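Here is a colleague's note for someone meeting this structure for the first time. The points below can be read in order, with the structure open alongside.

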Amino acid sequence: MGALLKEMNATGTVAEKVKAYNDANRKVAILCNHKRTVGAAHANQMEKMSERIKGCRYQKWRLKQQMLDLDPSIKKKKGAEFFKMDEDIDEDWIREHQAFLVEEQRQKIRKKFDKDNEKRAAEGEKEMKVSELEERMEVATEMEKKFKKENKTGKVEAEGRGVTIERIENNIARLEQRVDNMSVQAQDKEDNKEVALGTSKINYIDPRLTAVFTKRFNVPIEKFFSKALR
């Protein structure tokens with residue numbers, strides 16, 4: 001492992017650097033025959049990661065449509081291709097994903113409501129009534145209405161106060177970075193599905209080598225060792 005790390009020139013994002021380390025670790029694990037059976041949950045985990053990535057790409061498309069809402073002339077400047085939906089995202093998937101987002105929002109609201117009531121009860125205050133929860137749920141209801149309108153009109157209205165083209169472009173850039181990071185993590189997970197990297201890293205690799213890697217390539221050490229191991 002020392003020789004592999006010495007020759008390594010990990011570049012890019014933190015996720016890409018972690019993958020480079022794991023690639024080297026995997027070579028050690030294979031040499032030491034640290035194999036494992038693919039877990040029953042692996043396929044489900046990969047599917048969830050794929051859906052999260054797809055969801056980010058859909059959100060990126062929505063942001064681009066909001067740019068058109070602010071300035072229709074930008075389509076000529078950017079080109080029609082820039083505003084197209086990815087081919088693997090169809091209407092059925094969009095409606096299913098929208099329903100997921102609405103339900104996710106409802107669950108977050110309910111969880112926050114329950115937590116607030118627990119805090120009130122602990123402090124001897126009167127708990128909020130169900131009417132307060134119903135009022136908070138209006139956020140999810142409005143989201144649902146907005147999605148239905150978008151599906152009907154094919155247009156996405158710009159969201160938020162003081163929104164500008166520049167601000168939307170910054171949000172798109174952040175989403176693209178998130179997609180890149182998640183894609184690297186997904187590939188890393190798939191590559192390591194049959195290899196016990198933890199066994200190799202903890203029992204066979206000098207932890208000082210990992211520490212050197214984190215300092216050399218500016219990667220947080222918690223990416224490799226849990227708090228208990230640190």
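1. A starting place is Glu 103, which sits in helix 5 and is partly exposed, because its relative accessibility is 37%. The C-alpha atom of Glu 103 is separated by 7.7 Å from that of Ala 140, although the two residues are 37 residues apart along the chain. Please keep in mind throughout that this is a predicted model.

2. For the overall layout, the protein chain contains 10 helices and 0 strands, and reading along the sequence gives the pattern α-α-α-α-α-α-α-α-α-α. Of the 230 residues in the protein chain, 33% are buried.

3. Another pair to look at joins distant parts of the sequence. Met 8 is placed in the loop between helix 1 (2–7) and helix 2 (14–31), and Met 8 counts as buried because its relative accessible area is 12%, where the cut-off for buried is under 20%. Met 8 and Phe 213 are 205 residues apart along the chain, yet their C-alpha atoms are separated by 9.3 Å.

4. Helix 8 (residues 165–191) allows a simple check of its geometry. With 27 residues at 1.5 Å a residue, helix 8 should span 39 Å, and this agrees with the model because its end C-alpha atoms are 39 Å apart. The buried residues of helix 8 are Ile 168, Ile 172, Leu 175, Val 179, Met 182, Val 184, Ala 186 and Asp 188. When reading that list, it may help to recall that an α-helix has 3.6 residues a turn, so residues three or four places apart point the same way.

5. On the surface, a patch of negative charge is formed where Glu 47, Glu 51, Asp 90, Asp 92 and Glu 96 gather. At least two residues of this negative patch come from helix 3 (42–70), and at least two come from helix 5 (91–122). One of the patch residues, Asp 92, lies in helix 5 and is exposed, because its relative accessible area is 60%, whereas the cut-off for exposed is over 50%.

6. How many salt bridges does the count come to? The count comes to 20 salt bridges, and the next points take up a few examples. As background, side chains of opposite charge can pair when their charged atoms come close.

7. In helix 5, Asp 116 and Lys 112 are 4 residues apart, so they are separated by about one helical turn. These two residues form a salt bridge, in which the closest N and O atoms are 3.0 Å apart. Lys 112 is itself partly exposed, with a relative accessible area of 46%.

8. A further salt bridge brings together the side chains of Glu 125 and Arg 120, with a distance of 3.9 Å from N to O. Both partners can be placed by their accessibility: Glu 125 counts as partly exposed at 41% relative accessibility, and Arg 120 counts as partly exposed at 30%.

9. Why are Glu 132 and Arg 136 separated by about one helical turn? The reason is that they are 4 residues apart in helix 6 (residues 130–136). Glu 132 forms a salt bridge with Arg 136, and the closest N and O atoms of this pair are 3.0 Å apart. Glu 132 is partly exposed, with a relative accessible area of 26%, and Arg 136 counts as partly exposed at 22% relative accessibility. Elsewhere, salt bridges that share partners join Lys 19, Asp 23, Arg 26 and Asp 191 into one network.

10. A last point concerns the backbone at Asn 218, which is found in the segment after helix 10 (207–216). Asn 218 has a positive phi of about 55 degrees although it is not a glycine. For context, most residues other than glycine have a negative phi. Is Asn 218 buried or exposed? Asn 218 counts as exposed, because its relative accessibility is 63%.

Methods. Residues are numbered from 1 along each chain as its sequence is written. This is a predicted model: local features need pLDDT of at least 70, side-chain atom pairs count only at pLDDT 80 or more; totals for chains, interfaces and linings use all residues. Side-chain values use heavy atoms; hydrogens and water are left out. Patches are made of residues with over 30% relative accessible area and no salt bridge: like charges are joined within 9 Å, nonpolar side chains (Val, Leu, Ile, Met, Phe, Trp, Tyr) within 5 Å. Accessible areas come from the Shrake-Rupley method with a 1.4 Å probe; for residues, only the protein chains shown count as cover. A salt bridge is a side-chain nitrogen of Lys or Arg within 4 Å of a carboxyl oxygen of Asp or Glu. Lys and Arg count as positive and Asp and Glu as negative; His and the chain ends are not counted. The place of a charge is taken as NZ of Lys, CZ of Arg, CG of Asp or CD of Glu. Buried means under 20% relative accessible area, exposed over 50%, partly exposed in between (1.4 Å probe, protein chains only). The expected span of a helix is 1.5 Å times one less than its number of residues.
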